[in-house]
2 protein chains.
Amino acid sequence: MSAPPARPGAFDGGATGPAPLRLDAYLPYRLAAASAAVSQLIARTYETRFGLTIWQWRVLAVLGEGEERTQRALIERTGMDKVTVSRAVHALTLRGIVTRRSSAADRRATLIGLSEAGADIYREIVPLARAYEDLLLQALTPDQARELDRLLRCVEARAQALRAP
Amino acid sequence: MSAPPARPGAFDGGATGPAPLRLDAYLPYRLAAASAAVSQLIARTYETRFGLTIWQWRVLAVLGEGEERTQRALIERTGMDKVTVSRAVHALTLRGIVTRRSSAADRRATLIGLSEAGADIYREIVPLARAYEDLLLQALTPDQARELDRLLRCVEARAQALRAP
DNA sequence: CGCCAATAGTTGCAAATGAAACCAATATTG
DNA sequence: CAATATTGGTTTCATTTGCAACTATTGGCG
C-alpha cells in the first residue's frame with residue numbers, strides 16, 4: 001500500500017532513487033553557511049571602520065606577528081590566491097600600511113612588513129577582532145570552542161589530503 | 001631584562017600593544033579555511049562532471065526534495081543572494097534541468113521544480129555528494145560529526161543574531 | 001475603489017575575481 | 001656554463017558577483 005505522490009506531475013525525488021539529500025544536514029553546506037555568516041558579520045566592520053577588505057585584513061593579521069614575509073609566505077600562511085595577495089599588498093602599500101623592500105637573498109622576492117601606521121591600525125583592530133570572536137564563542141563553552149577548532153582542522157586537513165591525489 | 005627586538009627596524013607587533021592575534025587559532029579564519037578547502041574539493045567535481053556551479057547545485061539540492069519552490073523559498077532555504085538564485089535558475093532552465101510555471105496564487109512568483117532530466121542528474125549526483133561527505137567524515141567519529149554539526153549551527157545562529165541589532 | 005507601500009524577480013553596471021600569459025631572477029642540468 | 005626549467009610576482013582579460021535601479025504584481029488602508 002504505497003501512497004501515490006501528493007502532487008501529480010511533481011517529480012518525487014526520493015522514492016525512485018537515493019533518499020533525497022538533506023542540504024540542511026550536509027556538512028559542506030553547514031560549513032559554508034557558518035563561514036559566510038561569520039564572515040559577513042565581521043567583514044562589514046573591517047570595511048567601514050578601517051577601509052580594509054577581508055584579504056587586506058588577513059595580510060595585516062599575519063604581518064602583525066612581527067615578521068617580514070615574502071608574498072609567497074603570505075600565500076601559504078593565509079591560503080589566499082597569488083593574485084589576491086599581490087593586490088592586497090599593493091593596496092596596503094599605497095595607503096602606507098605596509099612597507100616593501102626587495103630581498104637581498106632573492107631579488108625576485110619582496111619582503112613585506114608593517115609600517116608604523118600599519119602597526120597602529122593593527123593595534124586598534126586586534127582587540128576588536130578578539131571581541132567579535134568572544135561574542136561568537138559566547139554561544140559555546142570553552143571546551144566546545146576547543147573542540148570546534150580541532151574538528152575544523154581535521155576536516156580541512158582531510159579535504160586538502162583528498163584534493164592532491 | 002627585556003630583550004631588544006631581534007630585527008631592528010621591524011615593528012614588534014606584540015610587546016607594545018595587545019598580544020598579536022594568532023590567525024591560525026582565530027575562529028573566523030579557521031571556519032573560512034575549512035569551508036574553502038571543502039568547497040574547492042567538491043566544486044570541481046560538480047563543475048567538470050555535471051557542468052554545475054555551486055549555486056546551481058544548491059538549487060538542485062533543494063528542488064530534489066520533491067517540492068516546487070518559489071525563488072524566494074529557495075533564497076531562504078539556501079542562504080543565497082536574490083540575484084544568484086535568479087541566475088542559477090535561469091541557467092538551469094536553459095539546460096532543461098528545472099521547469100518554471102508562474103504561480104496561480106501570486107502571479108509575481110514563479111514556481112520552480114525539477115524536470116525529468118533534472119531528476120536524472122539529481123539521482124546521479126546525490127550518491128556522489130554523499131560519498132564526498134563520507135570521505136570527509138572519515139576523519140571524524142560519528143559522535144564528532146554530530147558535534148561538529150551542532151557547533152556549526154550554534155556559531156552560525158549566533159553570528160546571525162549579532163548581525164541584526 | 002484608489003493610492004501607497006511592500007514583495008517577486010530581472011537587469012544594468014561597476015567592482016571583484018582568478019586563470020593564464022607575462023617578466024624577471026634563480027635553480028638545475030647536460 | 002649555456003640552455004632550460006622553476007619560482008616570485010604582476011598584468012591582462014574574460015567571467016562572476018552583488019548593489020541598486022527597474023518592472024510587475026499584490027497587500028494594505030483610508
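**Note on a predicted two-chain model with DNA**

1. Symmetry of the two chains. In this predicted model, a turn of 180 degrees with a shift of 0.0 Å along the axis lays chain A on chain B, and the RMSD is 0.1 Å. This is the relation of a two-fold axis. Both copies use the same surface, since 100% of the contact residues of chain A recur in chain B.

2. Contact between the chains. On the side of chain A, 64 residues are in contact with 65 residues of chain B. Several elements of chain A each supply at least two residues of the side that touches chain B: the helices α1 (27-50), α2 (54-63), α5 (116-137) and α6, together with the strand β3 (110-114). The largest share comes from α1(A), with 15 residues. Sorted by class, this side of chain A has 39 nonpolar, 12 polar and 13 charged residues.

3. Length of helix α6(A). Helix α6 of chain A covers residues 142-163, which is 22 residues. What span should be expected for this helix at 1.5 Å a residue? The expected value is 32 Å, and the end C-alpha atoms of the helix are 32 Å apart, so the two agree.

4. The two sides of helix α6(A). The buried residues of this helix are Leu148(A), Leu151(A), Leu152(A), Val155(A), Glu156(A), Arg158(A) and Ala159(A). Because these residues cover an arc of only 160 degrees around the axis, they lie on the same side of α6(A). Pro142(A), Asp143(A) and Arg146(A), on the other side of α6(A), are exposed.

5. Partners of the buried side. Against which elements do the buried residues of α6(A) pack? They pack against three helices of chain B, namely α1 (27-50), α5 (116-137) and α6 (142-163). The student may usefully read this point together with point 2, where α6 of chain A is listed among the elements that supply residues to the side touching chain B.

6. Surface near the DNA. DNA strand D is surrounded by 17 residues. The closest are Gln71(A), Arg72(A), Ser86(A) and Ala109(A), along with Arg107(B) from the other chain. From chain A, α3 (71-78) and α4 (82-94) each supply at least two residues of this surface, as does α4 (82-94) of chain B. Which helix gives the most to the surface near DNA strand D? That helix is α4(A), with 4 residues.

7. Composition of the DNA surface. The surface near DNA strand D has 7 charged, 6 polar and 4 nonpolar residues.

Note on methods. Residues numbered from 1 in each chain as written. Chains lettered and ligands numbered in written order. Predicted model: local features only at pLDDT ≥ 70, side-chain atom pairs only at ≥ 80, totals over all residues. Least-squares fit on C-alpha atoms with pLDDT ≥ 70 in both. Contact = placed C-beta atoms within 7 Å. Near = placed C-beta within 6 Å. Nonpolar A, V, L, I, M, F, W, Y, C, P; charged D, E, K, R; others polar. Expected span 1.5 Å × (residues − 1). Buried ≥ 20, exposed ≤ 12 C-beta atoms within 10 Å, placed from the backbone. Arc of directions from axis to C-beta.
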